[in-house]
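Here is a short report on a protein chain. Please keep the sequence and the 3D view open as you read.

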Amino acid sequence: MVFDGFRTPSIEAQITEKKHDGSWGNPLQIVGGISIGRTNCEINFPDDPRLSDRHALLSNREGKLLLEDFGSPSGTFIKQRQDSELVPGDVFLLGQDLFRFTTQSLDEAENANAGQGTVTWAGPPKLQRGPVTAKLEHILLTGEVIEEFRLEKPETTLGRTNANLVFKDDHYMSGTHARIVAQPGRFILQDLRSRNGVFRRVRNEIELEDGDEFFLGEHLFRVEIKRIS
């Protein structure tokens, strides 16, 4: 047998858009890179005001399907498939409501509340990861803060009717939609089997998996990936 080098893995990837009536359209094969936006892209939606001219990029390379946002103001969102850790600055969508997660060390919070300036070390600085206090900001698409909620309980639920934080006017949100669980040094976002799911804003280029759903502007897509042996 003759060794012919390492074989680069490859995939067949396609996306399908969900129509307004709930059905799915015709699949579109992703070969190489395909940009999505309002104009001058491989996929254009000129009538969608929430899209940037060049909004996002899908890339089929090295056996992976990758999704990247071009820094659009309204963002690109992917449906969360499993519990995941929140990182300061993360933005996620429940129903039609946007939230931004932020944290602050307890020492910083105490100093801020006391109105102190620079604090002099009383001893060697603490280098280990200390306790943190977290805050959830209810925001507009522009990033403007509507209201703030401190996450002081071990668990905080969000939903339309039966939750710690209630958003009764959002009929796309389930009664108890999601939960944020405080663990030592971190916070976990969980989807509580909601009807419409939890969508997290894409911050960096991410790898998509078979069955993933993502949206940008007013368009929702489902991903299908087949591995080629």
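The text below covers salt bridges, then sheets, then two loop residues.

This is a predicted model, in which local features need pLDDT of at least 70 and side-chain atom pairs count only at pLDDT 80 or more, while totals for chains, interfaces and linings use all residues. Residues are numbered from 1 along each chain as its sequence is written, and side-chain values use heavy atoms, with hydrogens and water left out.

## Salt bridges

A salt bridge here is a side-chain nitrogen of Lys or Arg within 4 Å of a carboxyl oxygen of Asp or Glu. The structure holds twelve of them. The table lists some.

| Pair | Closest N and O atoms |
|---|---|
| R200 and D90 | 2.4 Å |
| R203 and D90 | 2.9 Å |
| E137 and K135 | 4.0 Å |

Start with D90. Which residue forms a salt bridge with D90 at 2.4 Å? That partner is R200. The pair links distant parts of the chain, 110 residues apart. R200 sits in strand β17 (residues 198-201). D90 sits in the loop between β8 (84-85) and β9 (91-94). Helices (H or I, at least four residues) and strands (E, at least two) are DSSP runs, numbered from the N terminus.

Is R200 buried or exposed? R200 is buried, and D90 is buried too. Buried means under 20% relative accessible area, exposed means over 50%, and partly exposed lies in between (1.4 Å probe, protein chains only). For D90 the relative accessible area is 7%, so D90 counts as buried.

D90 also meets R203 in a salt bridge, at 2.9 Å from N to O. R203 lies in the loop between β17 and β18 (206-208), and D90 in the loop between β8 and β9, so this pair ties together parts that are 113 residues apart in sequence. R203 has a relative accessible area of 48%, so R203 is partly exposed.

Now look at E137 and K135. They form a salt bridge, with the closest N and O atoms 4.0 Å apart. E137 is buried, at 9% relative accessible area. K135 is partly exposed, at 25%. Which residues are linked in a network of salt bridges with E137? They are R100, K135 and E148.

## Sheets

Two strands pair if DSSP finds at least two bridges between them. One open sheet has five strands, in the order β8-β16-β15-β13-β14. Its pairing is mixed. The edge strands are β8 and β14 (165-166), and each pairs on one side only. Strand β13 (residues 155-159) runs parallel to β14, and two bridges join them. L158 stands opposite L165 in β14.

Another open sheet of five strands has the order β4-β3-β5-β6-β18. The pairing is mixed here too. Why is one side of β4 left without a neighbour in the sheet? β4 (43-44) and β18 stand at the edges with a single partner strand each, so one side of each has no neighbour in the sheet. Inside this order, strand β5 (residues 56-61) pairs with strand β6 (residues 64-69). The sense is antiparallel, over six bridges. In β6, L67 is the bridge partner of L58.

Next comes strand β19 (residues 213-216). Which way do its residues point? E213 and F215 point one way, while F214 and L216 point the other way. All of these are buried.

β19 pairs with strand β7 (residues 76-79) in the antiparallel sense, over three bridges. T76 stands opposite L216 there. β19 also pairs with strand β20 (residues 219-228), again antiparallel, over four bridges. H219 in β20 is the bridge partner of L216. β19 and β20 form a hairpin with two residues between them. In the turn, G217 has a positive phi of about 60 degrees.

## Two loop residues

Where is N40 found? N40 is in the loop between β3 (33-37) and β4. Its phi is near 60 degrees, a positive value in a residue other than glycine. N40 has 65% relative accessibility, so N40 counts as exposed.

R193 is in the loop between β16 (186-191) and β17. Phi of R193 is near 55 degrees, and R193 too is a residue other than glycine with a positive value. R193 is exposed, with a relative accessible area of 84%.
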